Amino acid sequence: MATAVEGSSTKRWLPLEANPDVMNQFLWGLGLVPDEAECNDVFGLDDELLEMVPKPVLAVLFLYPITKKSEEERIEQDKEIKEKPHSDKVYFMKQTVGNACGTIGLLHAIGNITSEIKISEGSFLDKFFKSTANMTPMERARYLENDSQIEDAHSVAVTAGDTPASDGVDTHFICLACVEGELYELDGRKAGPISHGASSPATLLKDAAKVIKSMIEKNPGSLNFNVIAISKRT
């Protein structure tokens, strides 16, 4: 959950654990109706293991290590992103708070599936997405940065994890979501969403797995990877 980049603040949170149970309690507490969706572990990227994930999958979270190579790639991607505007249908926000990438990954997921799920009226998520709907990605980041409710909820979620919280981490969460027939990588440390080509709700998990496999192949010496799917409860 690396430090944010452009426009970073001095504020740092403790990192959120890649734990579906922790994330579920976090999201349900923020206003996601529990019967609507839940986070589940993805135990592997082979077809047989992907079949075990509850369907339909609405979004995918991926935790990976930040390395010199990944940082060089991010800088190159930012140049391309700035030259190619993305669809305004994609909900995207920047990351200005250090170690907030787990929370931002979840907000990216929920923000792009609001038509597929129910959120409790008057809840944090309800107010957050209504308030930030017409903001720029950086304005959304500042809104989050200054919101004590989400910071408190994040802190509670951190303490619910199985491992002791530590600020000294070099891993980072991103979200992969399908918006209007395209698979988007949503990373608050990057200049904007990255399109990975055509996708659909039915193929989202397999399409995301291909992107994740390619990212893992670039870091063959690391084991710090984790994949979590947000699935519709049926």
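## Charged residues: patches and salt bridges

D46 sits in the loop that links strand 1 (37-41) to helix 2 (47-51). The model is predicted. Two themes follow: charges grouped at the surface, and charges paired in salt bridges. A search of the whole structure turns up 6 salt bridges. Three of them are described below.

**Negative patch**

- D46, D47, E48 and E51 form a negative surface patch.
- How accessible is D46? Its relative accessible area is 46%, so D46 is partly exposed.
- A patch residue needs over 30% relative accessible area and no salt bridge. D46, at 46%, therefore clears the accessibility cut-off.

**Positive patch**

- Which residues form a positive surface patch? They are K55, K206, K210 and K213.
- K206 belongs to helix 8, which covers residues 204-217.
- The relative accessibility of K206 is 39%, so this lysine counts as partly exposed.
- K206 also passes the patch cut-off, because 39% is over 30%.

**Salt bridge in helix 5**

- K130 pairs with D126 in a salt bridge. Their closest N and O atoms are 3.1 Å apart.
- This pair counts as a salt bridge because the limit between nitrogen and oxygen is 4 Å.
- Where do the partners sit along the chain? Both are in helix 5 (residues 124-132), 4 residues apart, so about one helical turn separates K130 and D126.
- Is K130 buried or exposed? K130 is exposed, with a relative accessible area of 58%.
- D126, in contrast, is buried, with a relative accessible area of 13%.

**Salt bridge in helix 6**

- R142 forms a salt bridge with E145. Here the closest N and O atoms are 2.8 Å apart.
- R142 and E145 lie 3 residues apart in helix 6 (residues 137-145), so the separation is about one helical turn.
- R142 is partly exposed, at 32% relative accessibility.
- R142 has over 30% relative accessible area, but a patch residue must have no salt bridge. R142 is therefore left out of any patch, because R142 is bridged to E145.
- Its partner E145 is buried, with a relative accessible area of 11%.

**A buried salt-bridge pair**

- The side chains of E185 and K190 also meet in a salt bridge, with an N to O distance of 2.7 Å.
- Are these partners buried or exposed? Both E185 and K190 are buried.
- Buried means under 20% relative accessible area, and patch residues need over 30%.

How values were computed
Residues numbered from 1 in each chain as written. Predicted model: local features only at pLDDT ≥ 70, side-chain atom pairs only at ≥ 80, totals over all residues. Heavy atoms only, no water. Patch = residues over 30% accessible without salt bridge, like charges linked within 9 Å, V, L, I, M, F, W, Y side chains within 5 Å. Areas by Shrake-Rupley, 256 points an atom, 1.4 Å probe, with all protein chains shown as cover. Lys, Arg positive; Asp, Glu negative; His and termini not counted. Charge placed at Lys NZ, Arg CZ, Asp CG, Glu CD. Helix = DSSP H or I, 4+ residues; strand = E, 2+ residues; numbered from the N terminus. Buried < 20%, exposed > 50% of the residue type's maximum accessible area, 1.4 Å probe, protein only.
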